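Work through the exercises below with the sequence and the coordinates at hand. Each task is followed by a solution in steps.

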Amino acid sequence: MNFQWQQYPENMKRLLKLTTPIFISQLAVSGMGLADIIMAGLVSDADVSAIAVSNSIYFPLFLFVLGILNAITPTVSYLNGSSQRHLIAHQIRQGFWIVTGLSIPLITIYLNSNLILEFMQTPAEFSGKTAQYLMALSIGLIPALLSVNLRCMNDGLSNPKPAMIITFIGLLLNIPLNYIFIFGKFGLPEMGAVGCGVATAIVNWIMFGLMLHYCYTNQSQKDIKLFDKWIEMPNRETLLKLFKLGTPIGFALFTEVMLFATSSLIISPLGAQVVASHQIALQTSSLFFMIPLSFGIATTILVGQTLGQKNIEGAKHLSYHALFTGVMLAIFFACVIFLCRNLLPHAFTSDPTSIAIASSLLIFAAIYQIPDALQVVCNGILRGYKYTKPTLTITIFCYWLVGMPFGYILSMTDWLGKPMAASGFWIMFCISLSIAATLLFYQMRKIQAVPEDTLIQRLERIK
């Protein structure tokens, strides 16, 4: 493979131009979760644990639907690159039906989360707050997913700045709203962790309104004619194509996040301090992971556009340039996490035991930044090629046949030695992600080896 390093500066310029607003948007979303954890930590570790366990239930399901909607981004980027913008609005209107159809079962689960908490034997000190927090979040679920639908269209058009600005506004609103509802200001009752859920629901509605207003008034998108029809009937063929492309993405996200989420539920009987320190390590790692994730999204967009222009060799070179940069950034951030592992937990809690446990977990968080960056950029490349089916098999194998059972054995049993509590899962996070990264890289090489004419015909069939 000729890497064409002379093209590297230009490709990186294009990637960074897209990555920067995507990163700021992702950072703002992560910042909302971070603000929830930090502000709830001012109340008690039990409130932090309530949010941690709530997120373990909420986000895997939310991300499953988000993953399906993410099929819109490579579809739009390909149509935009191949000068078929007149077909874009139809994809977005069909995305509305995906949101509507899948929100109903999710809301039902969230409103009955007490059944899951009872089954997992979640401690009573924070199980009640967890159930109420999920009820509050469910109010903002539909606008959150509708915002994703519109964001995916703009991302596919290489226009991520609106989402950046709107999510940053959301972050700025989330902090004061958290303060009001957590601590009961302006005559409202003190809600603790539940107040974070109320604030998030309100912010989701506001962000959806802002995104809708932008898309309606943006002159550069008038040729797409998205609002010539506000609603159109479900189209079986288009929905099947979107589900065929998006379902593996959704399941891959679901299975990966469930590895982390279920680990929080499994270790919850060990007490609030263990759960809180586990969540601190997850939040810290996720924060640093935002750049490789943003690189992956930007890579999907540019690879899709390049393929739409029938520049098959250019897409290959772009893929390798993105992989190289993503891994280099991950190595840098791994060093930062490792060197600052004793300082970072102080931002979340003042409890000495929680700080000590979190510091040890951050060593593993530093290690897994590298395979995690490799797998997320490979995933972005595969999405750009609209080759997502292998990701489902790989993630199920790595996270649920390897990561989860061995993580449970190391953490909660004495089968292989003394129970390691949260550390057992973190060891398996590193191993599972390394296997996944290797397999996804192989799949990337496989789709890039397909003859050009065959590849173009395949992409045209599923546009």
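The exercises cover pockets, a cavity, a surface patch and a few single residues of this predicted model.

**Exercise 1. Characterise the largest pocket by volume, lining and source of the lining.**

Step 1. The volume of the largest pocket comes to about 450 Å³.
Step 2. Its lining has 20 residues, and those closest to the pocket centre are Leu240, Lys241, Lys244, Leu245 and Ile462.
Step 3. Two or more lining residues come from each of helix H3 (72-81), helix H4 (88-111) and helix H10 (236-267). H10 has the largest share, with eight residues.
Step 4. Sorted by class, the lining holds eight nonpolar, seven charged and five polar residues.

**Exercise 2. Describe the second largest pocket in the same terms.**

Step 1. The space in the second largest pocket is about 260 Å³.
Step 2. There are 13 lining residues, of which Phe96, Leu150, Leu212, Phe227 and Trp230 are the closest to the centre of this pocket.
Step 3. H4, H7 and H9 are each the source of at least two lining residues.
Step 4. The class count for this lining is 10 nonpolar, two charged and one polar.

**Exercise 3. Find how many cavities of 30 Å³ or more the structure holds, then analyse the second largest cavity.**

Step 1. Two cavities reach that volume.
Step 2. The second largest cavity encloses about 50 Å³ of space.
Step 3. The residues that line the second largest cavity are Ile22, Ser25, Gln26, Arg151, Asp155, Pro160, Ala163 and Ile297.
Step 4. Helix H1 (8-41) and helix H7 (141-156) each provide at least two of these residues, and H1 gives the most, with three.
Step 5. The classes in this lining are four nonpolar, two polar and two charged residues.

**Exercise 4. Locate the nonpolar surface patch that includes Ile165, and classify the exposure of Ile165.**

Step 1. The patch is formed by Ile165, Ile169, Leu173, Ile202, Ile206 and Leu210, which together have about 410 Å² of accessible area.
Step 2. At least two patch residues come from each of helix H8 (161-183) and helix H9 (193-217). Ile165 is in H8.
Step 3. The relative accessibility of Ile165 is 47%. Partly exposed covers the range between buried, under 20%, and exposed, over 50%, so Ile165 counts as partly exposed.

**Exercise 5. Is Ile37 buried or exposed, and how far apart are Ile37 and Ala52 in sequence and in space?**

Step 1. Ile37 belongs to helix H1.
Step 2. Ile37 is buried because its relative accessible area is 1%, and the cut-off for buried is under 20%.
Step 3. From Ile37 to Ala52 there is a separation of 15 residues in sequence, while the C-alpha to C-alpha distance is 8.1 Å.

**Exercise 6. Give the phi sign, location and exposure of Ser158 and Lys225.**

Step 1. Ser158 is not a glycine, yet has a positive phi of about 60°. Lys225, also not a glycine, has a positive phi of about 60°.
Step 2. Ser158 is found in the loop between H7 and H8, and Lys225 in the loop between H9 and H10.
Step 3. Ser158 has 28% relative accessibility and therefore counts as partly exposed. Lys225 has a relative accessible area of 48%, so Lys225 is partly exposed.

Notes:
Residues are numbered from 1 along each chain as its sequence is written. This is a predicted model: local features need pLDDT of at least 70, side-chain atom pairs count only at pLDDT 80 or more; totals for chains, interfaces and linings use all residues. Side-chain values use heavy atoms; hydrogens and water are left out. Patches are made of residues with over 30% relative accessible area and no salt bridge: like charges are joined within 9 Å, nonpolar side chains (Val, Leu, Ile, Met, Phe, Trp, Tyr) within 5 Å. Accessible areas come from the Shrake-Rupley method with a 1.4 Å probe; for residues, only the protein chains shown count as cover. A salt bridge is a side-chain nitrogen of Lys or Arg within 4 Å of a carboxyl oxygen of Asp or Glu. Helices (H or I, at least four residues) and strands (E, at least two) are DSSP runs, numbered from the N terminus. Buried means under 20% relative accessible area, exposed over 50%, partly exposed in between (1.4 Å probe, protein chains only). On a 1 Å grid over the protein atoms alone, a cavity is a set of points where a 1.4 Å probe fits but cannot get out, and a pocket is an open set with protein on both sides within 12 Å along at least five of seven lines; lining residues have an atom within 4 Å of a point. Grid points are joined across faces, edges and corners, and a volume is the space filled by probe spheres set on the points. Ala, Val, Leu, Ile, Met, Phe, Trp, Tyr, Cys and Pro count as nonpolar, Asp, Glu, Lys and Arg as charged, and the others, Gly among them, as polar.
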